[in-house]
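Let's take a walk through a protein model together. Keep the 3D view open and turn it as you read.

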Amino acid sequence: MAKLLSCVLGPRLYKIYRERDSERARSGAPETPASVTAPAPSSWDTYYQPRALEKHADSILALASVFWSISYYSSPFAFFYLYRKGYLSLSKVVPFSHYAGTLLLLLAGVACLRGVGRWTNPQYRQFITILEATHRNQSAENKRQLASYNFDFRSWPVDFHWEEPSSRKESRGGPSRRGVALLRPEPLHRGTADTLLNRAKKLPCQITSYLVAHTLGRRMLYPGSVYLLQKALMPVLLQGQARLVEECDGRRAKLLACDGNEIDTMFVDRRGTAEPQGQKLVICCEGNAGFYEVGCVSTPLEAGYSVLGWNHPGFAGSTGVPFPQNEANAMDVVVQFAVHRLGFQPQDIILYAWSIGGFTATWAAMSYPDISAVILDASFDDLVPLALKVMPDSCRGLVTRTVRQHLNLNNAEQLCR
C-alpha cells in the first residue's frame with residue numbers, strides 16, 4: 001500500500017538513459033570488442049514506456065494543466081467579462097463552485113488511476129524505489145543510479161546548498177537569505193526630502209510599475225519562463241538533455257540558492273581528456289528564451305572545454321521567477337558550486353553569456369574579480385534604451401521607472417566595476 005501511495009504522489013518519469021560507455025571506462029573495466037562495435041540504441045528507444053492507464057491519465061492531467069495555465073493568463077479579461085454580464089452574483093457563483101469542486105474530484109480520481117498504472121509497471125516501481133532511497137541517503141551509489149532517469153525535476157534531491165561552503169558561514173560579506181548585493185540605481189532627486197507627502201505622491205506610480213513588471217513586463221523580458229512555451233518545447237528539451245547525458249557524459253544537479261529557488265544545472269567534465277582546455281570551466285548564461293539543453297553550451301563543448309550550464313529561475317527545472325535579484329542569487333550559487341564542489345579555481349573559470357545572460361555574467365565578473373575571462377555575445381549595455389525602442393513614447397516615464405525599479409539589467413555598469 002505504501003508503494004502504491006508513492007506511485008500516486010510520485011513524479012512523472014520521462015526517460016531511462018542507456019548505459020554510458022564512459023562509466024565503464026571510468027571504473028577501469030576493459031572494453032570488449034563487442035562493447036566497442038555494438039551500435040548504440042537510439043535516444044528515442046530509451047524513453048520510458050508507460051502502461052495504457054498511466055499514459056491516458058497523464059494526457060488528461062497535462063490537458064487540464066494547459067487549460068489552467070490559459071485560464072490563469074486570461075483571468076483578468078474573464079473576470080471583467082463576467083462582471084459586465086452580471087455572472088459574479090452570489091446566486092451564480094455558488095453553482096459554479098460546485099462544478100469546480102466536482103471537476104477537482106474527477107482530476108484527483110484520474111491521478112489515482114495514474115498511480116495504479118505506475119504501480120503495475122516494474123520500471124516505475126524500480127525508479128520510485130531508487131528515488132526514495134536517494135532522499136533517505138544521498139550516497140554516491142544512489143545518486144549514480146538516480147542519474148539514469150529523467151523525471152520531473154521538482155522531486156530531484158538537492159545536491160548543493162548555498163550555505164554549504166565553510167567560507168560562507170565565517171565571512172561577513174556573504175549573501176543572506178535576502179539575496180546577494182546588487183548595484184542599485186541612484187535616486188533621481190538627491191536633495192528632495194523623502195517626506196510622507198512625497199511618498200504618497202509616488203505611491204500610485206510605484207504600484208503601477210510593480211504591476212507592469214510582475215505581469216506583462218517580466219514575461220516579455222523572459223518569455224522562456226512562460227509555462228505554455230516550456231510545454232511546447234518539452235520534447236526538444238528532453239532530447240537535449242539526453243544528448244548531454246548519453247553522448248557528453250553530463251551530470252545533472254540541483255542547487256539551492258539563498259532565496260530558496262532551486263537551480264537546474266548540467267556539468268560536463270573534460271578534465272580527464274587529453275585536451276588541455278578541458279582544465280578550464282565555461283559557465284554558460286543563456287538568453288531570455290534559452291535553456292542549457294539547447295542553448296549556447298554546444299559552442300564550448302565543441303571546443304573541448306569543461307562546461308557548466310544552468311537554467312534561469314522559472315525556466316524548465318529551475319524554480320522561481322527571473323527578476324534581477326533572483327538571477328544574481330542563482331548565479332552566485334552556480335559559481336560557488338563550481339568552486340567548492342566541482343573543484344575549479346576562479347582563475348580557471350570563463351563566463352560565456354548570450355543576450356540577456358550578460359546580466360548574470362557581468363554580475364559574476366563584478367563579484368568574483370579573479371574569474372579568468374568574460375565573453376558576451378549579442379548582449380547589451382543597459383536595458384532602458386532597448387525597452388524604450390519597443391514601447392510607445394507616451395509610456396516613456398512608466399517604462400523607465402519600471403525597468404529601473406524592478407528589471408534593472410545594468411550590464412555595462414557592473415562590468416565597469
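How do α4 and α11 run relative to each other, roughly parallel or roughly antiparallel? Before we answer, remember that this is a predicted model. Start by finding helix α4, residues 52–73, and helix α11, residues 227–247. They pack at an angle of about 150 degrees, and their axes are 10 Å apart. Angles over 145 degrees count as roughly antiparallel, so α4 and α11 are roughly antiparallel to each other. Who does the touching? On the α4 side, look for Ala62, Ser65, Val66, Ser69, Ile70 and Tyr73. Their partners on α11 are Tyr227, Leu228 and Lys231. Sort the residues of this contact by character and you get six nonpolar, two polar and one charged.

Stay with α11 for a moment, and pick out glutamate 246 in that helix. Glutamate 246 forms a salt bridge with lysine 15, with the closest N and O atoms 2.8 Å apart. Lysine 15 sits in strand β1, residues 13–16, so to speak a long way back along the chain: the two partners are 231 residues apart, and the pair links distant parts of the chain. Search the whole structure and you'll find 16 salt bridges.

Now swing round to the surface. Phe79, Tyr81, Leu82, Tyr83, Tyr87, Leu88 and Val93 make a nonpolar patch there, about 710 Å² in area. Which helix gives the largest share of the nonpolar patch? That's helix α5, residues 75–85, with four residues. Leucine 82 lies in helix α5.

Methods
Residues are numbered from 1 along each chain as its sequence is written. This is a predicted model: local features need pLDDT of at least 70, side-chain atom pairs count only at pLDDT 80 or more; totals for chains, interfaces and linings use all residues. Side-chain values use heavy atoms; hydrogens and water are left out. Axes are lines fitted to C-alpha atoms, for helices over the stretch in contact, and angles run from 0 to 180 degrees between N-to-C directions. Helices (H or I, at least four residues) and strands (E, at least two) are DSSP runs, numbered from the N terminus. Angles under 35 degrees count as roughly parallel, over 145 as roughly antiparallel, 65 to 115 as roughly perpendicular and the rest as oblique. Contact means heavy atoms within 4.5 Å. Ala, Val, Leu, Ile, Met, Phe, Trp, Tyr, Cys and Pro count as nonpolar, Asp, Glu, Lys and Arg as charged, and the others, Gly among them, as polar. Patches are made of residues with over 30% relative accessible area and no salt bridge: like charges are joined within 9 Å, nonpolar side chains (Val, Leu, Ile, Met, Phe, Trp, Tyr) within 5 Å. Accessible areas come from the Shrake-Rupley method with a 1.4 Å probe; for residues, only the protein chains shown count as cover. A salt bridge is a side-chain nitrogen of Lys or Arg within 4 Å of a carboxyl oxygen of Asp or Glu.
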